[in-house]
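Please work through the exercises below with the sequence and the coordinates at hand, and try each task before reading its solution.

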Amino acid sequence: MKIAVYPGSFDPVSNGHLDIIERAAKIFDKVYVLVSINPNKQYTFTDQERVEMMKLATKKYENVVVEASKCLVLNFARKKNAQVIIRGLRNINDYQSEITLFQFNRSIDNNIDTFVLFPSANNLFLSSSSIKELVLFGADIANYVPEGLAEMIAKKIKTRCK
Ligand code: ADP
């Protein structure tokens with residue numbers, strides 16, 4: 001069984017994340033979406049909200065399971081017998097951080113590999129932070145986030161411009 005883990009903050013989940021998940025779910029038998037809990041990071045959404053949003057966004061994919069973890073992604077992957085970690089790569093900035101992460105992971109456990117997927121063209125420019133900024137400035141984000149999430153996100157981030 002081919003199993004992959006797709007880790008991230010998903011603060012909040014975007015169509016870019018969902019695109020990666022959908023494509024990974026076609027390749028792997030099972031995909032664990034791992035919502036990372038990092039006490040050193042300041043999230044806009046609570047851990048529960050990030051998990052809830054991701055569960056809503058992925059409910060139609062039978063082989064996608066959403067979990068949260070405070071621990072090392074590699075340890076989670078080992079526990080689930082996953083062979084692969086999936087990451088998305090938008091641009092040169094992502095490249096720099098992703099290759100560092102990859103090398104670290106590889107030095108700890110070279111049985112677990114990292115597969116990188118490039119975003120579909122319409123998601124290339126999407127990031128969680130740009131979505132939050134759009135909401136703040138009163139823009140409609142319905143085209144950028146999975147169905148049903150725009151209202152939830154807009155409720156949490158109060159717009160400055162009505
Ligand atoms: P981080 O781990 O930096 O907090 P995120 O949680 O936002 O990043 O994203 C998790 C993964 O999804 C990362 O590999 C990131 O590069 C990727 N990603 C984020 N936005 C997109 C997008 N629009 N298209 C494809 N991949 C993306």
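The exercises that follow treat the ligand site, a loop beside it, and two further positions.

This is a predicted model, in which local features need pLDDT of at least 70, side-chain atom pairs count only at pLDDT 80 or more, and totals for chains, interfaces and linings use all residues. Residues are numbered from 1 along each chain as its sequence is written, and side-chain values use heavy atoms, with hydrogens and water left out.

**Exercise 1. The ligand and its polar partners**

Task: Find which residues place an N or O atom close to an oxygen atom of the ligand, and state how much of the ligand's accessible area the protein covers.

Solution. Step one is to apply the criterion for a polar contact, a pair of N or O atoms within 3.5 Å; within protein, one must be able to donate a hydrogen and the other to accept it, and residues adjacent in sequence count only if both atoms are side-chain atoms. A backbone N or O atom of Gly 88 is 2.8 Å from a ligand oxygen, a polar side-chain atom of His 17 lies 3.2 Å from a ligand oxygen, and a side-chain N or O atom of Lys 41 is 3.3 Å from a ligand oxygen. Step two concerns area: on its own the ligand has 550 Å² of accessible area, of which the protein covers 85%, as computed by the Shrake-Rupley method with a 1.4 Å probe, where for residues only the protein chains shown count as cover.

Step three widens the view to the shell, where a residue is near the ligand if one of its heavy atoms lies within 4 Å of it. There are 18 residues around the ligand, and those that come nearest are Tyr 6, Ser 9, Gly 88, Asn 123 and Leu 126. The elements that give two or more residues to this shell are β1 (3-8), α1 (15-27), β4 (84-88) and α4 (92-108); helices (H or I, at least four residues) and strands (E, at least two) are DSSP runs, numbered from the N terminus.

**Exercise 2. From His 17 into the loop between β1 and α1**

Task: Decide whether His 17 is buried or exposed, and describe the backbone of the loop residues that it contacts.

Solution. First, His 17, which is found in helix α1, is buried because its relative accessible area is 16%, given that buried means under 20%, exposed over 50%, and partly exposed in between (1.4 Å probe, protein chains only). Next, with neighbours within four places in sequence left aside, His 17 is in contact (heavy atoms within 4.5 Å) with Tyr 6, Phe 10, Pro 12 and Ser 128. Pro 12 lies in the loop between β1 and α1, and the peptide bond from Asp 11 to Pro 12 is cis, with omega near 5°. Phe 10 belongs to that loop too; its phi is near 50°, a positive value in a residue other than glycine, and its relative accessible area of 2% makes it buried.

**Exercise 3. A contrast and a strand**

Task: Where does Asn 81 lie, and which residues does Val 31 contact?

Solution. Asn 81 is found in the loop between α3 (73-79) and β4, has a positive phi of about 60° although it is not a glycine, and is exposed because its relative accessible area is 57%. Val 31, in strand β2 (residues 30-36), counts as buried because its relative accessibility is 0%. Beyond its neighbours within four places in sequence, Val 31 contacts Ala 4, Tyr 6, Ala 24, Ala 25, Asn 63, Val 64 and Val 65. The C-alpha atoms of Val 31 and Asn 63 are separated by 6.2 Å, although these residues are 32 residues apart along the chain.
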